[in-house]
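Here is a short briefing on one protein chain. Keep the picture beside you as you read.

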Amino acid sequence: MNASDVMTRDVIMIDPDSTVLQAARLMLQHHISGLPVIDKAGTLVGVLSEGDFLRRRETKTERHRSRWLEFLMGPGKIAAEYTHTHGSKVGEVMTTEVQTVDENAALEDIIELMERHRIKRVPVMSGSTLVGIVTRSNLMHAMVSMARVTPAAAKTDGAIREQLLAELKKEQWAPVAMTNVVVRDGVVELWGAIVDERQRDALKVAAENIPGVKAVKDHMVWIEPTSGMTIEAPGDVAAP
């Protein structure tokens with residue numbers, strides 16, 4: 001899937017000359033957390049988000065620093081903060097360094113961009129034209145839609161075992177050499193040893209995700225790396 005498959009096409013936008021109050025009302029009216037800012041020439045010039053309203057003079061939430069710290073920061077930084085907290089127009093408050101993606105961008109690339117820049121939405125461009133926006137909600141919708149396609153369940157216990165072992169071999173965290181898998185009537189039994197309790201949870205998840213698995217029984221023992229002590233499994237887990 002790519003950006004054009006999941007993006008919102010009917011994008012609510014705003015002009016940089018609009019007031020901050022107009023922008024806030026627009027966001028509340030449409031239940032959205034961000035607005036692309038488009039100038040009169042149709043060019044994307046910024047993004048306004050909920051975060052831009054966190055520190056505002058209206059709510060008396062501007063930062064108040066000591067004179068010494070302000071001296072160290074320099075007048076430019078302090079002036080920019082003043083503009084952001086006291087500006088009445090969208091163009092004075094918006095974020096101008098906008099991260100965008102092409103309409104053919106893969107979802108993985110979009111997610112990496114969001115994580116790297118810690119943003120919640122990415123405008124989607126076709127050349128220089130804004131054609132949509134991808135938000136975290138769009139990605140959640142895509143996840144739900146894809147999850148509705150249920151893969152065919154394995155027909156035999158042997159097939160379940162082979163699928164699980166194949167999955168574990170792909171993962172670096174999996175203690176394949178110390179794990180034995182037994183499957184009876186769709187019930188997966190995990191035997192062996194782990195060196196980190198988090199491996200136990202991951203093994204259970206890997207088993208539960210195999211189509212046809214009815215339940216998971218955990219017999220794995222934990223070997224404490226420092227002392228060499230072994231701790232038994234806490235109990236069985238039923239598959240969803």
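The largest nonpolar core in this predicted model has 19 residues. Ile160, Leu164, Val181, Val188 and Leu190 have the most contacts inside this core. Four elements each give two or more residues to the core: helix H8 (157–169), strand E6 (179–184), strand E7 (187–194) and helix H9 (197–208). The largest share, 4 residues, comes from H8.

**Cores**
- Leu164 touches Val181, Val188 and Leu190. Leu164 also touches Ala206, Ala207 and Ile210. Residues up to four places away in sequence are not counted here.
- Another core lies apart from this one and has 14 residues. Among them are Val6, Val101, Ala105 and Val124.
- In soluble globular proteins, nonpolar side chains tend to be buried together.

**The whole chain**
- The protein chain has 9 helices and 11 strands.
- The C-alpha trace spans about 70 × 45 × 30 Å along its principal axes.
- The radius of gyration is 26 Å, whereas a compact globule of 240 residues would have one near 18 Å.
- Of the 240 residues, 35% count as buried.
- The accessible surface comes to about 15000 Å². Carbon and sulfur atoms hold 54% of that surface.
- Take the contacts between residues at least 6 apart in sequence: 54% of them join residues at least 24 apart.

**Salt bridges**
- Side chains of opposite charge can pair when their charged atoms come close.
- A search of the whole structure finds 10 salt bridges.
- One of them joins Lys40 and Asp17, with the closest N and O atoms 3.3 Å apart. This pair links distant parts of the chain, 23 residues apart. Lys40 sits in the loop between strand E1 (34–38) and E2. Asp17 sits in the loop between helix H1 (3–6) and helix H2 (20–30).
- Lys40 counts as exposed because its relative accessible area is 71%, over the 50% cut-off. Asp17 has 46%, so Asp17 is partly exposed.
- Arg56 forms a salt bridge with Glu58, and their closest N and O atoms are 2.9 Å apart. Arg56 is buried, with a relative accessible area of 3%. Glu58 is partly exposed, at 48% relative accessibility.
- Glu162 and Arg161 meet through their side chains in a salt bridge of 4.0 Å, N to O. Arg161 is partly exposed, with a relative accessible area of 28%.
- Glu197, Arg200, Lys204 and Asp218 are linked in a network of salt bridges.

**A nonpolar patch on the surface**
- Trp68, Leu69, Phe71 and Leu72 make a nonpolar surface patch of about 490 Å².
- Trp68 belongs to helix H3 (residues 67–73). Trp68 is exposed, because its relative accessible area is 58%.

**Two more residues to find**
- Is Ser49 buried or exposed? Ser49 is buried, because its relative accessible area of 18% is under the 20% cut-off. Look for Ser49 in strand E2 (residues 44–49). Ser49 touches Met27, Ser33, Gly34 and Arg121, leaving out residues up to four places away in sequence.
- Glu108 lies in helix H6 (residues 107–117). Glu108 counts as exposed, at 55% relative accessibility. The C-alpha atoms of Glu108 and Asn2 are separated by 8.5 Å, although these residues are 106 residues apart along the chain.

Terms used:
Residues are numbered from 1 along each chain as its sequence is written. This is a predicted model: local features need pLDDT of at least 70, side-chain atom pairs count only at pLDDT 80 or more; totals for chains, interfaces and linings use all residues. Side-chain values use heavy atoms; hydrogens and water are left out. Patches are made of residues with over 30% relative accessible area and no salt bridge: like charges are joined within 9 Å, nonpolar side chains (Val, Leu, Ile, Met, Phe, Trp, Tyr) within 5 Å. Accessible areas come from the Shrake-Rupley method with a 1.4 Å probe; for residues, only the protein chains shown count as cover. Buried means under 20% relative accessible area, exposed over 50%, partly exposed in between (1.4 Å probe, protein chains only). A nonpolar core is a set of buried Ala, Val, Leu, Ile, Met, Phe, Trp, Tyr and Cys residues joined through side-chain atoms within 4.5 Å. Contact means heavy atoms within 4.5 Å. The radius of gyration is taken over C-alpha atoms; the globule rule is 2.2 Å times the number of residues to the power 0.38.
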